[in-house]
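Hi,

Here is the structure I promised to pass on. Have a look at it first, and then read my notes below.

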Amino acid sequence: MTRAGVNEGGSMEKPSRVRQWYGYTVCLIAVITGLISVTGALNNAFDLSNPLGAERSFDGSLTSFEAYKATRDRRLPPSDQRATSDTASETTLRTRYEALRADRIAQRRFEAWKGFVTDFILLVIAAALFVTHWRWLRRLPEPESAGGTA
């Protein structure tokens, strides 16, 4: 009577090979996932350090009030196509700019923190998978060679 996993020669080569392939595949995927997570975490860390530098806005540049005014004027239609000209005072423009800037910073910080935490958790899971599977692989018996021992 043959047991499951023992081939006709009496060796356990195939099941052991399958376990090794599984273990090494999980380790490889964990390493790749870890590298991708580290890259994402670094990108999000840079975005956290400069939230306004991380994106381009349809509302114009928000890095400074002067840049906001300059890029805001570029997106307005030419003066002959405007029904009414924008007669907002400097104080009104500055208030709009400050509100838009504060909103954009808060939004970008939230997105960066969310991405950073997600990448960090994924990195921890990948590391745990790698360590557990690597230790498991080290405990597996070595497969016997097909040619026998010399």
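Let me start with E111, which is partly exposed, with 35% relative accessible area. One caveat before going further: this is a predicted model. The side chain of E111 meets that of R108 in a salt bridge, 2.9 Å from N to O. Both residues belong to helix α3 and sit three residues apart, about one turn of the helix. In general, an α-helix has 3.6 residues a turn, so residues three or four places apart point the same way.

R108 has another partner too. Its side chain also forms a salt bridge with D47, where the closest N and O atoms are 2.2 Å apart. This pair links distant parts of the chain: D47 is in helix α1 (residues 13-49) and R108 is in helix α3, with their positions 61 residues apart. Put the two contacts together and you get one network, in which salt bridges with shared partners join D47, R108 and E111.

How accessible are the members of that network? R108 has a relative accessible area of 11%, so it counts as buried. D47 is buried as well, at 17% relative accessibility, whereas E111 is partly exposed at 35%.

The count of salt bridges comes to three, which leaves R94 and E98 to mention. Their side chains meet at 4.0 Å, N to O. Both are in helix α3, four residues apart, again about one turn of the helix. R94 is partly exposed, at 37% relative accessibility, and E98 is partly exposed too, at 38%.

Since helix α3 keeps coming up, here is a bit on the helix itself. Helix α3 covers residues 90-139, which makes 50 residues. From its first C-alpha to its last it reaches 72 Å, close to the 74 Å expected at 1.5 Å a residue. As for burial, the buried residues in α3 are L93, Y97, R104, I105, R108, A112, G115, D119, A126, H133 and L137. R108 is on that list, and R108 is also the residue that bonds to D47 over in helix α1.

If you only have a minute, go to R108 in the viewer: you will find D47 on one salt bridge and E111 on another.

Cheers

Key. Residues are numbered from 1 along each chain as its sequence is written. This is a predicted model: local features need pLDDT of at least 70, side-chain atom pairs count only at pLDDT 80 or more; totals for chains, interfaces and linings use all residues. Side-chain values use heavy atoms; hydrogens and water are left out. Helices (H or I, at least four residues) and strands (E, at least two) are DSSP runs, numbered from the N terminus. The expected span of a helix is 1.5 Å times one less than its number of residues. Buried means under 20% relative accessible area, exposed over 50%, partly exposed in between (1.4 Å probe, protein chains only).
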